[in-house]
Amino acid sequence: MGAFPEAAVALGPPLCYAFGSVMDWRWLAGMAALVPGVPLFISMLLFPESPQWLTKKAKLQQAEKSLRFFRQKSHNVTAEVDMIYTNITETGGAEISIWEQIKLFRKAQNWKPVLIVFLVFMCGQFSGFAVVTAYTVDIFDEANTNIHSDTATVIVGLVRFGSTLVSAILLDRTGRKPLLIISAIGSSVGMVSIGTFFYLKDVGATEGLGWLPLASLLVYVFFNELGYGPSLAAVWSSSPWRCEL
């Protein structure tokens, strides 16, 4: 579940790359807004309110009905509603204040996971992935290879999506740390490779290396999405600090 949002994000760019190569950008922008937006709007109308909110408003029967929608049939929804009601009663229905949240950082079990997640996010952003994916077409146009820039961009997007699925399978089997290490090394190799190509291009020594830009970006995107992409969401979702809050 932690890797699924990243997989959905990874699927969007290759679809936009593919449709963008055959239609005007205005139609593409409208389609990109309506296709995910309309189903999301309709689903929000069909989904019930959260059991927490309903219990807080003393709508206990509706809270049980909402829980039956989200839980398995064998689940004891009445007991869960009672537990939610007890927690709300003990706190007087008050939400935890900002100051109380800040005070939680006095515990190492809270600030250490936050620091780790912050460093992982920082490394992921400094890897340049957002810039590379945004300017993929421009990179291939600048490289002047024999591969059409639109085709190469779609290939890169599909590899990104495939890598995210591989990561979803390996995430809980190998752990986050090995995937992040492998992701960092592989991403570095890909960036060094594409950087080397453009250096050789400046000195006029790229004859026979037309395949290198695509191969380099494929390596970079594959390894970046193998670890840094899905692992960020998964690390955050499994954070003890998040559970504490």
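Here is a friendly chat about the aromatic pairs, cores and helices of this predicted model.

Me: How many aromatic pairs does the structure hold?
Reply: A pair of aromatic rings is described by the distance of the centres and the angle of the planes. Counted for this predicted model, the aromatic pairs number five.

Me: Let's take Phe129 and Tyr220: is the pair stacked, edge-to-face or tilted?
Reply: The ring centres of Phe129 and Tyr220 lie 6.1 Å apart, and their planes meet at 35°. Stacked needs planes under 30 degrees apart and edge-to-face needs over 60. The angle of 35° fits neither, so the pair is tilted.

Me: How many residues apart in the chain are Phe129 and Tyr220?
Reply: Phe129 belongs to helix H8, residues 129–134, while Tyr220 sits in helix H12, residues 212–237. The pair therefore links distant parts of the chain, with a separation of 91 residues.

Me: Is Tyr220 buried or exposed?
Reply: Buried means under 20% relative accessible area. Tyr220 has a relative accessible area of 0%, so Tyr220 is buried.

Me: Which helix gives the most to the largest nonpolar core?
Reply: In soluble globular proteins, nonpolar side chains tend to be buried together. Here the largest nonpolar core has ten residues, including Phe129, Phe140, Ala152 and Tyr220. H8, H9 (136–143), H10 (149–174) and H12 each supply at least two of its residues. The one that gives the most, with four residues, is H12.

Me: Which residues does Ala152 touch, leaving aside those up to four places away in sequence?
Reply: Ala152 is itself a member of the ten-residue core. With those sequence neighbours left out, Ala152 touches Phe140, Ile147 and Leu214.

Me: How wide is the arc covered by the buried residues Thr136, Ile139, Phe140 and Ala143 in H9?
Reply: Thr136, Ile139, Phe140 and Ala143 are buried in H9. They lie on the same side of H9, because around the axis they cover an arc of only 95°.

Me: What phi does Asn144 take?
Reply: Asn144 comes just after H9. Its phi is positive, at about 55°.

Me: Is Ile185 buried or exposed?
Reply: Ile185 is placed in helix H11, residues 176–202. The cut-off for exposed is over 50%. At a relative accessible area of 55%, Ile185 therefore counts as exposed.

Me: How far apart in space are Ile185 and Tyr220, C-alpha to C-alpha?
Reply: In sequence, Ile185 and Tyr220 are 35 residues apart. In space, C-alpha to C-alpha, they are separated by 9.5 Å.

How values were computed:
Residues are numbered from 1 along each chain as its sequence is written. This is a predicted model: local features need pLDDT of at least 70, side-chain atom pairs count only at pLDDT 80 or more; totals for chains, interfaces and linings use all residues. Side-chain values use heavy atoms; hydrogens and water are left out. Rings of Phe, Tyr and Trp (its six-membered ring) pair if their centres lie within 6.5 Å; planes under 30 degrees apart count as stacked, over 60 as edge-to-face and the rest as tilted. Buried means under 20% relative accessible area, exposed over 50%, partly exposed in between (1.4 Å probe, protein chains only). A nonpolar core is a set of buried Ala, Val, Leu, Ile, Met, Phe, Trp, Tyr and Cys residues joined through side-chain atoms within 4.5 Å. Contact means heavy atoms within 4.5 Å. The arc is that of the directions from the helix axis to the C-beta atoms.
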